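Q: Could you take me through the packed interior of this model, with a close look at the largest cavity and what surrounds it? I would enjoy one connected account.

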Amino acid sequence: MAVDLLEARGGGSDQAGFAPYAASESNSLGRQHAEPPDEFRTLYQRDCDRIIHAAAFRSLEYKTQVMVNHADGSFRTRLTHSIEVAKLSRTLARALRLNEDLSESIALAHDLGHTPFGHAGQDALNDCMKEYGGFEHNLQSLRVIDKLEYKYADFRGLNLTFETREGVLKRCPKEIAKTLGPLGERFLKGGSPTLEAQLVDFADQIAYTNHDLDDGLRLGFLNLKEVRELALFSRAYDEAEKASPKLSRHALLHEANRRMITAMMVDLILATQKRIEQAQPDSPQAVRACPDRLAGFSNELRAELAPVTRLLHEKYYCHDHLARATNKAVGVIRELFSAFMERPRLLPTELHQRAREKKEARGEEGQARVIADYIASLSDRHILAEHRKIFDMTG
């Protein structure tokens, strides 16, 4: 009765109005562990709920996007970035008649494996792990949702759908892909993920490009004159200024940023729609079989986006202020990793026990992986507190 009522309201089925190439309940490859269907939620709504209730998702609130250990709460964090990506992804999915819930679940989960201190933290932890299999945040996101979250009686991990897990795993070395069964096949044989997953990658790029320009300008690491030289931004800024000449500088920058996001979204939708019309996929499997990805910007927008990316790398991501903070953060990760490897008793009690078991089973590599999992799970604030506690105690 409840299911019939939901379907009458359009809520029990996620298939109404979808394109044939959209992911849906009927063509899902399912979960690793079978579960009865939820009475009120679709498969991918349930994935979204499991992700936002995960400890790894909550910790994104205090994980660096670009600014390390920021005191000003107005700058982006991994959490706010993930929310922005999720909202853009839903808009893209709706415009192309794709599955909005799947797009959202992939977007919400895509950064769960990030370390504290952003990409610098990942590089530092990867360097620490170079003798033990390395560290990569996309693989770690999959590890988080498949193994490290432990909330359910019947299985480890969140038991998310194949489609969400597929979307989270953007890159994977062939040696690891061989161990992942069907999830690793596209890295061995070629192919693409669902269109929902492809579009999340671009929603991610749209989000960080625009919010990093915004944050960089507000911090003064970028100046308006050099940003105005970027055709993509300048066109949006000129349109905003013409439409509202009396706006304050702050409001004008916000309006220009909004217009730039819209321009990138519209270009992505139209260019992707054109490729879909040319390829004529009739199912998610047909999308996966396409030799080239169907989602993407037009050639014209890609050309305009390149200097934006270059400016952000040269003037923002590599700014002296950030470099100093990053160097300090990298030192914290390396020192903690070394301390835990030499004295695993410094780990929290449950993790110390797990590290001992893994070392007995797999040697130092097993212990190192437990330590890497722990360090990656910490927020910026937590890892700094842990570092102070340990080195005050041992120094």
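A: Happy to. Buried here means under 20% relative accessible area, and by that cut-off the buried residues of helix α2 are L43, Y44, R46, D47, C48, R50 and I51. That is seven of the 10 residues in α2, which spans residues 43–52 and is mostly covered. Those buried residues pack against α3 (55–59), α5 (100–109) and α8 (162–168).

Before going further inward, a word on confidence. This is a predicted model, with a mean pLDDT of 91 for the protein chain and 93% of its residues at 70 or more. Helix α5, one of the packing partners of α2, has the highest mean pLDDT among the elements, 98, while helix α1 (residues 2–9) has the lowest, 32. Over residues 1–13 pLDDT stays under 50, and the model has 12 contacts beyond four places in sequence for that stretch. Where pLDDT is low, the predicted coordinates should not be read in detail.

Now to the interior itself. The largest nonpolar core holds 80 residues, and L112 and F233 touch the most other members. Helix α11 (residues 195–219) gives the most to this core, contributing 10 residues. Leaving aside neighbours within four places in sequence, F233 is in contact with L213, L224, V227, R228, L253, A256 and M260. A second, separate core has 32 residues, among them A329, V332, L336 and A355.

L112 leads us to another residue, I145, in helix α7 (residues 137–148). I145 counts as buried because its relative accessibility is 0%. Beyond four places in sequence, the contacts of I145 are L112, G157, L158, N159, L160, R165 and V168. By contrast, D201 is 56 residues away from I145 along the chain, and their C-alpha atoms are separated by 19 Å.

F233, in turn, brings us to the cavity you asked about. The model has two cavities of 30 Å³ or more, and the largest has about 40 Å³ of space. Its lining consists of L213, D214, L217, F233, L253, H254 and N257. Helices α11 and α14 (249–279) each supply at least two of these lining residues. By type, the lining divides into four nonpolar residues, two polar and one charged. L213 and L253 deserve a second look: both are contacts of F233, and both line the largest cavity along with F233.

Terms used. Residues numbered from 1 in each chain as written. Predicted model: local features only at pLDDT ≥ 70, side-chain atom pairs only at ≥ 80, totals over all residues. Heavy atoms only, no water. Core = buried A, V, L, I, M, F, W, Y, C linked by side-chain atoms within 4.5 Å. Buried < 20%, exposed > 50% of the residue type's maximum accessible area, 1.4 Å probe, protein only. Helix = DSSP H or I, 4+ residues; strand = E, 2+ residues; numbered from the N terminus. Contact = heavy atoms within 4.5 Å. 1 Å grid on protein atoms, 1.4 Å probe; cavity = no way out; pocket = protein on both sides within 12 Å on 5 of 7 lines; lining within 4 Å. Points joined across faces, edges and corners; volume = space filled by probe spheres on them. Nonpolar A, V, L, I, M, F, W, Y, C, P; charged D, E, K, R; others polar. pLDDT = per-residue confidence, 0-100.
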